[in-house]
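Open the model in a viewer and keep the sequence panel beside it. The stops below say what to select and what is found there.

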Amino acid sequence: MHKPVGLCCPGSEFIAKPCAINLGIQDSGPHRAQPNAILEKVFTSITKSPDGKRLEGLSKQLDWDVRKIQRWFRHRRNQDKPTTLTKFCESMWRFTFYFSIFFYGIRFLWTAPWFWDTRQCWYNYPFQPLTSRLYYYYILELAFYWSLMFSQFTDIKRKDFLIMFVHHLATIGLITFSYMNNMVRVGTLVLCLHDASDFLLEAAKLANYAKYQRLCDAFFMLFGVVFIVTRLGIYPFWILNTTLFESWELIGPYPSWWLFNGLLVTLQVLHVIWSYLIIRTASKALVRGKVSKDDRSDVESSSEEEDVTSNSTKGIFSTSSNGSNRLNGHVAGGQWTGEE
């Protein structure tokens, strides 16, 4: 069962939930499966997705059509998933954090010399002062990513669970490692760059949950552009350039150089994977006339008929018409991700 909204969304009861209700988002979950002791026992004790042979056996035992049993299991799986209200509150919390921390970082870095000249990251290293503003910036980011790491194990498991786990692990490792080695100057650049697109994704999710499809599509497209420009353009040619080449030139191959850059390159590999997913979703959107559905969605379609009926109300973070999950998270964080 998904954890209560208040545990994952600070202030959700006082801010996010009233906003959601004013937008017409109700605290109602998916269609509930009708009570059935036999199917419930199979679901809880044996499997949540029975194969064809087991379905045939259950069909004979209950004198139910196989399709009806399949629909029951879909409803039962969806029954444990978070409601739209819960997901709205989670996305609002993430949007608030990403938006606030990004503009805090921009305001702080605007007057920092290394923001305009990355070679300043290595001058006088490691004897560089750690200001209080820089310290709090780091601590806030580290605490947030630790919360994402832990929440992965209590949230609904996504298709990109492993990718997101590696991302959070690499990010926490980089923040901790750079702080311990006083590489905080280049660390702030990495953090700010990654925050640049994340709040746009959460804004797209919020619009999707509120059923503002055009606004959702606009935010998603903007997110895609910013993500690709920052992660495939600025990150390798600005960040990796200074950590791989300028650092080597100015301070030489220090002992932890390989580990530090290994983690940064790992992030770049993840950026390429996510960019591919974003481009694939955007290309489908151009064909269909609206943003495609989330490959990492946590809600399954109940039946093909239901999919056709509800197709006009589904956006980025729904499932495909055959009930299979497609993108997510980070894309569709990211949740893309999500669900993010």
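## First stop: R119 and its partner

Select R119, which counts as partly exposed at 23% relative accessibility. The model is a predicted one. Now add E249: its side chain and that of R119 meet in a salt bridge, 3.2 Å from N to O. R119 sits in the loop between α7 (113–116) and α8 (132–151) and E249 in helix α11, so this pair ties together parts that are 130 residues apart in sequence. E249 counts as exposed, because its relative accessibility is 55% and the cut-off for exposed is over 50%.

Stay in this loop and select Y125 and P126. The peptide bond that joins Y125 and P126 is cis, with omega about 5 degrees. P126, like R119, belongs to the loop between α7 and α8.

## The whole chain

Zoom out and colour by secondary structure. The protein has 13 helices and zero strands, so no strand colour should appear under the assignment used here, in which helices and strands are DSSP runs. Of its 340 residues, 54% count as buried. The accessible surface comes to about 16300 Å², and carbon and sulfur atoms account for 63% of that.

Next, select the ranges that UniProt labels "transmembrane region" in an unreviewed entry: 95–115, 135–154, 161–180, 219–238 and 258–279. Two of these can be checked by eye. Residues 161–180 are 100% helix and 0% strand, with 28 Å between the end C-alpha atoms. Residues 258–279 are also 100% helix and 0% strand, and here the end C-alpha atoms are 31 Å apart.

## Along α11

Select helix α11, residues 213–251, and find L222 in it. L222 falls in the partly exposed class, with 41% relative accessibility. Draw a distance from L222 to A204: the two are 18 residues apart in sequence, and their C-alpha atoms are 9.4 Å apart in space.

Further along the numbering, pick R231 and then D198. Their side chains meet in a salt bridge, at 3.5 Å from N to O. D198 belongs to helix α10 (residues 184–209) and R231 to helix α11, so the bridge ties together parts that are 33 residues apart in sequence. Are D198 and R231 buried or exposed? Both residues are buried.

## Within α10

The structure holds three salt bridges. One that has not been visited yet is between the side chains of K205 and E202, at 3.7 Å from N to O. Both residues lie in helix α10, three residues apart, which is about one turn of the helix. K205 has a relative accessible area of 0% and is therefore buried. E202 is also buried, likewise at 0% relative accessibility.

Now follow the chain out of α10 to K211, in the loop between α10 and α11. K211 has a positive phi of about 65 degrees, although it is not a glycine. Its relative accessibility is 61%, so K211 counts as exposed.

## A second positive phi

Go back towards the N terminus and select D63. What is the phi of D63, which is not a glycine? It is positive, at about 60 degrees. D63 is placed in the loop between α4 (52–62) and α5 (66–79). With 70% relative accessibility, D63 counts as exposed.

## Last stop: an enclosed space

Display cavities and go to the second largest one. It holds about 140 Å³ of space. To centre the view, select L174, I175, G187, V190 and L191, which lie nearest the centre of this cavity among its 15 lining residues. The elements that give two or more residues to the lining are α8, α9 (161–180), α10 and α12 (257–288).

Colour the lining by residue type. How many of the lining residues of the second largest cavity are nonpolar, polar and charged? Ten are nonpolar, five are polar and none is charged.

Key:
Residues are numbered from 1 along each chain as its sequence is written. This is a predicted model: local features need pLDDT of at least 70, side-chain atom pairs count only at pLDDT 80 or more; totals for chains, interfaces and linings use all residues. Side-chain values use heavy atoms; hydrogens and water are left out. Helices (H or I, at least four residues) and strands (E, at least two) are DSSP runs, numbered from the N terminus. Buried means under 20% relative accessible area, exposed over 50%, partly exposed in between (1.4 Å probe, protein chains only). Accessible areas come from the Shrake-Rupley method with a 1.4 Å probe; for residues, only the protein chains shown count as cover. UniProt positions are given in the numbering used here, feature names are shortened, and annotations may be inferred rather than shown by experiment. A salt bridge is a side-chain nitrogen of Lys or Arg within 4 Å of a carboxyl oxygen of Asp or Glu. On a 1 Å grid over the protein atoms alone, a cavity is a set of points where a 1.4 Å probe fits but cannot get out, and a pocket is an open set with protein on both sides within 12 Å along at least five of seven lines; lining residues have an atom within 4 Å of a point. Grid points are joined across faces, edges and corners, and a volume is the space filled by probe spheres set on the points. Ala, Val, Leu, Ile, Met, Phe, Trp, Tyr, Cys and Pro count as nonpolar, Asp, Glu, Lys and Arg as charged, and the others, Gly among them, as polar.
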